[in-house]
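Please describe the fold of the chain shown here, with attention to how its aromatic side chains are arranged.

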Amino acid sequence: MKYIHYELKLVLKSKLFVFSIVLSIVSIVIGIAGNILLIEMEKGLTIFFSGFSLSTSSILPLLAPLLAALPMADSFINDFQNNMTTAIFVRESKEDYFFKKFISVGLSGFLSLFFPLTLLLIINLLIFPDYSNAYVGVIGGAFSSIFSKNQLFYAVVIIVNSSIFGFIYANIGLVSSFYFKNRYICVFFPLIVYFLPSFIFPFMGFDKYEPVTTFDLTSNTATNGYLVSLQLAFLLISTFFVGYKKNRKRKFKHMIRRIEAIRLSKNNRHIIFFVSLLLIIICFSYYQFFLETPTRNFFMWLLYNFQNLYSTIFAFPLLYLIIINSQFSFNLNNYLYLSRIPNRKFLFISDINLVLKVTFYYMAGIFFISSVLGIYELRFNNSWSQELVTFFKNTFQAIPNTNYSPVFQTGLAFLFFFLYLLTIGNLFNFLFVLLKKKGISFLIIFGMIGLQAYFFKSPTNSLIKIMMPINHYLIYFERANGQFISISISFLYWLSLLVANYSSLYILYKNTKLGD
């Protein structure tokens with residue numbers, strides 16, 4: 001805490017922080033100047049809303065990531081160039097340094113937007129103490145229901161959301177400095193993350209997922225508070241883990257690589273063979289799609305791959321199981337080195353990391369090949385039509401859940417199938433460590449996949465059938481009472497399964513004799 005307190009004292013006195021505050025105030029004044037007539041007529045909180053974004057001349061939403069990154073995003077580069085990191089890493093680990101830096105840089109971004117917006121609200125209330133609802137146009141987007149009930153509370157929500165936005169985007173700049181070592185890139189990189197999707201997402205029907213909506217809450221009426229919160233949470237978590245991974249101890253990395261070099265197969269000649277098999281599977285699925293379906297929708301083609309029983313029950317899992325089997329190249333008892341590892345967690349992390357990597361690359365291969373095959377012949381349409389409803393009824397013999405857009409259902413199917421394959425890989429890992437025989441482990445899991453197909457085809461509903469993984473990645477199927485499978489229940493199902501997987505694996509690794 002002393003380090004964070006010291007860093008914040010420095011940033012509050014720094015010229016860049018003052019410049020960021022001044023630039024924020026200038027941006028706010030420009031926004032107010034473009035809405036003078038409305039402010040004089042409506043009063044209320046029109047000064048605040050005009051200065052923020054509800055004005056034809058508002059530029060604060062354009063500069064927000066830059067304002068957050070200016071004060072401290074380049075602080076790691078300053079420490080590195082002044083040789084301070086050498087002294088710091090003698091006293092504490094890289095992980096501790098990153099955590100403290102992440103908090104202090106985030107707080108600098110938080111304050112750089114919190115101070116000017118709070119000052120703007122206070123000035124507005126001093127000039128117009130009556131903050132009863134003033135007309136500033138039709139407001140939509142995230143948290144718009146709050147605006148219609150209490151404009152002052154909506155203004156507070158804007159300040160809190162903007163400050164959290166500043167915390168996240170300041171750290172995006174910080175993490176970029178670990179890779180680029182250039183102070184100009186780390187200050188402007190958050191702007192790229194903020195604006196680049198705005199040039200791509202509208203063409204794909206994803207405009208409500210643009211990062212701009214996380215700051216300017218009224219920029220897209222189709223978005224909502226849930227989506228904004230989800231985007232910010234995703235950015236925060238992914239930024240933290242990307243930065244943390246970069247700053248892990250080298251000793252830890254070296255140990256993991258040593259274990260992988262001894263234990264895991266590195267035969268790259270197999271890659272061409274496996275990619276060829278994957279291409280054959282998807283080409284056959286593509287042939288089926290054009291032969292059977294009345295739609296030429298790109299998202300339905302992707303969904304077809306992750307909901308078609310041929311590919312999801314048999315072809316994809318079987319090939320994945322073969323790949324996982326080939327990666328664990330030797331019996332555990334063959335290496336005395338493994339028994340001399342001082343901490344068993346290295347072996348545990350090495351193996352779950354392998355399964356995660358294989359699963360990620362496998363899913364990326366499916367997505368890439370499917371996209372290349374379908375991008376030229378199919379249409380990008382992210383809205384339900386009679387054609388798509390007919391597609392579900394004829395192809396899947398099921399009624400689609402039209403409460404969720406096609407691309408949302410496709411994304412969920414992709415995510416849940418990824419978790420399904422990850423579960424298969426972890427189960428193989430568990431059986432391999434327990435039995436120390438790859439062949440037996442392979443046959444057991446293959447039998448379980450076949451058993452799942454048998455129960456799925458069974459006309460009677462049972463607890464076993466409901467609890468099978470297939471019921472939680474085939475998201476369009478209805479339950480016995482006619483209700484669609486709950487997405488939240490499926491998320492909880494996969495989360496519980498992953499926790500059970502990793503917990504049992506860790507316990508097994510802690511209690512298994514790995515050497516002769």
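The report below moves from the chain as a whole to one helix, one residue and the aromatic pairs.

The coordinates are those of a predicted model, and the chain in it contains 23 helices and zero strands. Of its 516 residues, 51% count as buried, while the chain exposes about 25300 Å², of which carbon and sulfur atoms supply 68%. Among the contacts with a separation of 6 or more, 75% join residues that are 24 or more positions apart along the chain.

Helix 15, which spans residues 298-307, is mostly covered, with 10 of its 10 residues buried. The buried residues of helix 15 include the aromatic Phe298, Phe299, Trp301, Tyr304 and Phe306, and they also include Met300, Leu302, Leu303, Asn305 and Gln307.

Phe19, by contrast in setting, belongs to helix 2 (residues 15-33). Because its relative accessibility is 45%, and the partly exposed class runs between 20% and 50%, Phe19 counts as partly exposed. The C-alpha atom of Phe19 is separated by 8.8 Å from that of Leu67, a residue 48 positions away along the chain.

A search of the whole structure finds 32 aromatic pairs. In one of them, the ring centres of Phe52 and Phe215 are 5.0 Å apart and the ring planes meet at 35°, so this pair is tilted. The pair links distant parts of the chain, since Phe52 lies in helix 4 (residues 46-52) and Phe215 in the loop between helix 11 (183-204) and helix 12 (225-246), with the two positions 163 residues apart. Both Phe52 and Phe215 are buried.

Another pair, formed by Phe428 and Phe432, is stacked, with 6.3 Å from centre to centre and 15° between the planes. Phe428 and Phe432 both lie in helix 20 (residues 406-435), where four residues, or about one turn of the helix, set them apart. In an α-helix there are 3.6 residues a turn, so residues three or four places apart point the same way. Phe428 is buried, as is Phe432.

The two pairs are set side by side here.

| Pair | Centre to centre | Angle between planes | Arrangement |
|---|---|---|---|
| Phe52 and Phe215 | 5.0 Å | 35° | tilted |
| Phe428 and Phe432 | 6.3 Å | 15° | stacked |

Phe52 and Phe215 are also members of a cluster linked by ring pairs, in which Phe48, Phe49, Phe147, Tyr154, Phe165, Tyr169, Tyr194 and Phe195 take part as well.

Definitions and conventions:
Residues are numbered from 1 along each chain as its sequence is written. This is a predicted model: local features need pLDDT of at least 70, side-chain atom pairs count only at pLDDT 80 or more; totals for chains, interfaces and linings use all residues. Side-chain values use heavy atoms; hydrogens and water are left out. Buried means under 20% relative accessible area, exposed over 50%, partly exposed in between (1.4 Å probe, protein chains only). Contact means heavy atoms within 4.5 Å. Accessible areas come from the Shrake-Rupley method with a 1.4 Å probe; for residues, only the protein chains shown count as cover. Rings of Phe, Tyr and Trp (its six-membered ring) pair if their centres lie within 6.5 Å; planes under 30 degrees apart count as stacked, over 60 as edge-to-face and the rest as tilted.
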